[in-house]
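Trainee: I have a structure open and I want to learn how to read it. Can we go through it feature by feature?

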Amino acid sequence: MEFSVSEKYYIKTFGCQMNVYDSSRIADMLKKEGYEETLKQNEADIVLFNTCHIREKAAEKLFSDLGRAHLIQLEREETGKKTIIGVVGCVVQAEDEQIVKRAPFVDFAVGPLMYHTIPDILRRVKKDKKHQCEIKTDFPAISKFDYLPENTAKGACSFLAIQEGCNNFCTYCVVPYTRGAEYSRPIKEVLEEARRLVKTGTLEINLLGQNVNSYHGEDENGQERDLAYLLHKIAEIDGLKRIRYTTSYPADMSDNLIACHKDIEILMPYLHLPVQSGSDRILKAMNRRHNSSDYLRAVEKLKIANPMIGMSSDFIVGFPGETDEDFQKTLDIVNEVKYIQAFSFKYSRRAGTPAAVMDNQVEEKVKKERLDILQTLLFDYQTKFNQNCIGKVMPVLLEQKGRHKGQLIGRTPYMQNLHVETKSDNMNKIINVEVVESTTNSLSGKEISNG
Ligand code: 5AD
Ligand code: SF4
């Protein structure tokens, strides 16, 4: 079977922002190898799925997408075209055997710490006469970042991974098993990537890590530096207008880091700080290194550092042993913090984690009821916050076209989507907009002339 002249790849990404970043770095690698991107799966010679394992549904979605990819593979085969199918990311780390069993047509499967090996794997798979799935799930001693080509992401908002993995072992979570132990990239490497991004048009950098605020990268003298140090260094880059970092762990919100929210003007007044539950009993069973008062104290300090700060969080309802009283404490913390945005999930049993084998699992029906109640409350606060924005002027970073002609969509400092009529030249720029309308999920407004 022959390949077409310019081979094309297609990547579908599931899950978190880290996966979005990983996919863009995989794309950098493939482009460097001479492959071209396509957004049409049926045109692709290489189809990649970058997977998420955090909750059940994410893995199930992968298997249904793989089924569809197999059909396309067979159709293309009839016209003499070969399609290589690869799976990368967290599902591979946790369920490589399942992939081979349930989707035997997959050509290769690569865990999140090994994707720098993809070009070599592709070379081997192409030569391979008899199909066999190549699997790479090691936790290598040398970071994959040492092998990756430059980050060539274009656009005004860029992700930059500075830390990967997690040592916290929350009892419900697969991340320490799929992404391995914590690793922080050296300061110099991060700054070089940040400068390159700004040079090619990035105005906003979002620093990523599973536990980003425990960052402890080495500087050029071998001294360990914290996230606060790195934020100050990044803020010095000429032309950069906005910095964010995500996701943070409450117990690692140091005073130094909190002070950045006062001292660094371009650090956005929005922080995703997952609390998971408001009940100390449940937080303990989750093996979190904080209780609800530690958390509230951190929020209070952040609000003192920057009174304009808006908080966001993740919540899990129906963790094993959660009673109505525990759940009420989660509602209490929401009422206390008044989150401007949040993500909430029903607890999902993940094989290999301690909570999965706890014998006090909560009934599905109860989980659903609690999630409904929590989400109604969260949406209420989010809607109110958005309503309060009406009449205010906000700087908006425009990053995509709207549905209507002449309309662009951008992000406010608080991560809200905002629609505005403006000239298309303003794409990838920051303009001032007066908010006119709001819904739970977005805002719209009119451009304020800067003159
Ligand atoms: N069940 C439900 N939610 C989970 N999360 C992580 N693991 C699970 C699980 N087993 C949620 C947490 C985390 C977010 C990324 O996903 O809230 O912060
Ligand atoms: Fe998972 Fe907990 Fe680590 Fe977050 S801090 S990645 S929830 S183990």
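Trainee: How many residue pairs are in polar contact between domain 1 and domain 2?

Mentor: This is a predicted model. Between domain 1 and domain 2, 9 residue pairs are in polar contact, counting pairs with both residues at pLDDT 80 or more.

Trainee: Which elements give two or more residues to the side of domain 1 that touches domain 2?

Mentor: They are helix H1 (17-32) and helix H3 (90-102). H1 gives the most, with 10 residues. By type, the residues on this side of domain 1 are 10 nonpolar, 5 polar and 6 charged.

Trainee: How many salt bridges are there between domain 1 and domain 2?

Mentor: The count is 2. Look at aspartate 22 and arginine 179. Their side chains meet in a salt bridge, 2.8 Å from N to O.

Trainee: Now the domains themselves. Where does each one run?

Mentor: Domain 1 covers 8-136, domain 2 covers 144-388 and domain 3 covers 393-447. The contact between domain 1 and domain 2 takes 21 residues from domain 1 and 31 residues from domain 2. The centres of these two domains, taken over C-alpha atoms, are 28 Å apart.

Trainee: How do I put a size on an interface?

Mentor: The usual figure is often the accessible area lost when the parts come together. Here, domain 1 and domain 2 bury about 2,400 Å² between them. Carbon and sulfur atoms give 61% of that area.

Trainee: Which three residues supply more than any other three of the area that domain 1 buries against domain 2?

Mentor: Met18, Tyr21 and Arg25, which supply 27% of it.

Trainee: Next, sheets. How do I read one?

Mentor: Strands of a sheet pair through backbone hydrogen bonds, either parallel or antiparallel. This structure has an open sheet of 6 strands, with parallel pairing. Read the order as E2-E1-E3-E4-E5-E6.

Trainee: Which strands stand at the edges?

Mentor: Strand E2 (36-37) and strand E6 (134-136). Each has a single partner strand, so one side of each is left without a neighbour in the sheet.

Trainee: How many bridges join strand E3 to strand E4?

Mentor: There are 6, joining residues 46-51 of E3 to residues 84-89 of E4. Follow one across: leucine 48 has glycine 86 in E4 as its bridge partner.

Trainee: And how many salt bridges are found in the whole structure?

Mentor: The search finds 32. One to inspect joins the side chains of lysine 12 and aspartate 65, at 2.7 Å from N to O. Lysine 12 lies in strand E1 and aspartate 65 in helix H2, so the pair ties together parts that are 53 residues apart in sequence.

Note on methods
Residues are numbered from 1 along each chain as its sequence is written. Chains are lettered from A and ligands numbered from 1 in the order in which they are written. This is a predicted model: local features need pLDDT of at least 70, side-chain atom pairs count only at pLDDT 80 or more; totals for chains, interfaces and linings use all residues. Side-chain values use heavy atoms; hydrogens and water are left out. Domain bounds come from an automatic or database domain assignment. Contact means heavy atoms within 4.5 Å. Buried area is the accessible area (1.4 Å probe) that two parts lose on being put together, summed over both. A salt bridge is a side-chain nitrogen of Lys or Arg within 4 Å of a carboxyl oxygen of Asp or Glu. A polar contact is a pair of N or O atoms within 3.5 Å; within protein, one must be able to donate a hydrogen and the other to accept it, and residues adjacent in sequence count only if both atoms are side-chain atoms. Helices (H or I, at least four residues) and strands (E, at least two) are DSSP runs, numbered from the N terminus. Ala, Val, Leu, Ile, Met, Phe, Trp, Tyr, Cys and Pro count as nonpolar, Asp, Glu, Lys and Arg as charged, and the others, Gly among them, as polar. Two strands pair if DSSP finds at least two bridges between them.
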